[in-house]
Amino acid sequence: MLTRYILLASVLALPVGLRAQSSPKPARPALEFQAAAAAPGSPEWSEPFPPHRMIGNVYYVGSRGLASYLITTPAGHILINSNLKTSIPLIRESVEKLGFHFNDIKILLISHAHFDHDAGSAELLKLTGAKYMVMDADVSVVESGGKTDFQYGDDATLLYPAAKVDRVLHDGDEVKLGDTTLTAHKTAGHTRGCTTWTLKVGESGKTYDVVIVGSPNVNPGYKLVNNTRYPEIADDYAHEFRVLKSLPCDIFLGAHGSYFGMEAKYARLKAGAANPYIDPQGYKDYVAEREQAFVSELQRQTEAAKK
């Protein structure tokens, strides 16, 4: 309920002393995870990062700044996020370094329809023949090459090659390949069809819940109040946080490695530590911090709209 967020925003606007008793537990230090990704066009978006197995059949094949995941199965593989137009050679090299065949990618999914996560889709589909599956409200953006995006559609520098969607997904739909099932959770706001993916993986006789967060970030310039292009944007963000808080999570991943402190966790993994991607508390802290950021921005914009 959006009303709840307006009330919470009012509480956050009170002096610290008046709200101290009701304040949530502080999130972990910012150095341990970054709330938002790097600035658009950051060099780290194209900088190679060591491909590696994260847990079970989930592998990292993205760049330092843009996450891409290979989910392997005996029937072929699923890729989440094609990233930039220039990212496909990097993703291909990462897949092959891990000992898998790039052409065995049978399904392409995305976290959301922004150029840094789906601009490479047309090229990847052409090279692999994979089936493209996209959440309903992001389909028009993907198939228009970004032109129907509520925020960035008028910016020619953020457009990209259009790609045909083979299967339109809806909230709660399952994507199955081989012995693996992913569930698509519609967590709209960042885009109308922003998608958080969940799956279960096995490791050392245990089963873990994996959550790959689409994005809970309110980008600079986003209008949460009186947005004529996306009137329900604030309600969608509020719904997203309800969904994220309801998901069981052992393995916390996301559309950018900065969401879950990937670089630091990879260093610990490489050093032989217990798998650092098993981080249920990190997930809770991240969602709480992002929700508070949303509430604060909603409060700021609500107050500004009254003037």
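A residue counts as exposed when its relative accessible area is over 50%, and as buried when that area is under 20%. With that in hand, here are some close-up views of this predicted model.

**View A. Asparagine 226, an exposed loop residue with a positive phi.** Asparagine 226 has a relative accessible area of 60%, so it falls in the exposed class. Look for asparagine 226 in the loop between strand 11 and helix 7 (233-246). Its phi is about 55°, a positive value although the residue is not a glycine.

**View B. Asparagine 81, a buried loop residue with a positive phi.** Here phi is near 85°, again in a residue other than glycine. Asparagine 81 belongs to the loop that runs between strand 4 (76-80) and helix 3 (88-97). Its relative accessibility is 1%, so asparagine 81 counts as buried.

**View C. Serine 63 and its surroundings.** Serine 63 sits in the loop between strand 2 (58-60) and strand 3 (69-73). Because its relative accessibility is 2%, serine 63 counts as buried. Its side chain reaches the backbone nitrogen of leucine 66 at 3.0 Å. Leaving aside neighbours within four places in sequence, serine 63 is in contact with residues including Glu44, Trp45, Phe49, Leu90 and Met262.

**View D. Aspartate 154 and arginine 229, joined through their side chains.** The polar contact between these two side chains spans 2.7 Å. Aspartate 154 is in the loop between helix 6 (139-143) and strand 7 (167-169). With 62% relative accessibility, aspartate 154 counts as exposed.

**View E. An open sheet of five strands.** The strand order is 8-9-10-11-12, and the pairing is mixed. Strand 8 (174-177) and strand 12 (251-254) stand at the edges with a single partner strand each, so one side of each has no neighbour in the sheet. From one strand to the next, the twist averages 25°. Strand 10 (residues 195-203) and strand 11 (residues 206-213) are antiparallel partners over seven bridges. To find your way along this pair, start at leucine 199, whose bridge partner in strand 11 is valine 210.

**View F. Tryptophan 197 in the largest nonpolar core.** This core has 56 residues, and Trp197 is among those that touch the most other members, as are Tyr69, Leu109, Leu253, Phe260 and Tyr283. Not counting residues up to four places away in sequence, tryptophan 197 touches, among others, Ile80, Leu109, Leu169, Val175, Val210 and Ile212. Another core, of 25 residues, lies apart from the largest one and includes Ile88, Ile91, Val95 and Ala130.

Key. Residues numbered from 1 in each chain as written. Predicted model: local features only at pLDDT ≥ 70, side-chain atom pairs only at ≥ 80, totals over all residues. Heavy atoms only, no water. Helix = DSSP H or I, 4+ residues; strand = E, 2+ residues; numbered from the N terminus. Buried < 20%, exposed > 50% of the residue type's maximum accessible area, 1.4 Å probe, protein only. Polar contact = N/O pair within 3.5 Å; in protein donor to acceptor, adjacent residues only side chain to side chain. Contact = heavy atoms within 4.5 Å. Pairing = 2+ DSSP bridges. Axes fitted to C-alpha atoms, helices over the stretch in contact; angles between N-to-C directions. Core = buried A, V, L, I, M, F, W, Y, C linked by side-chain atoms within 4.5 Å.
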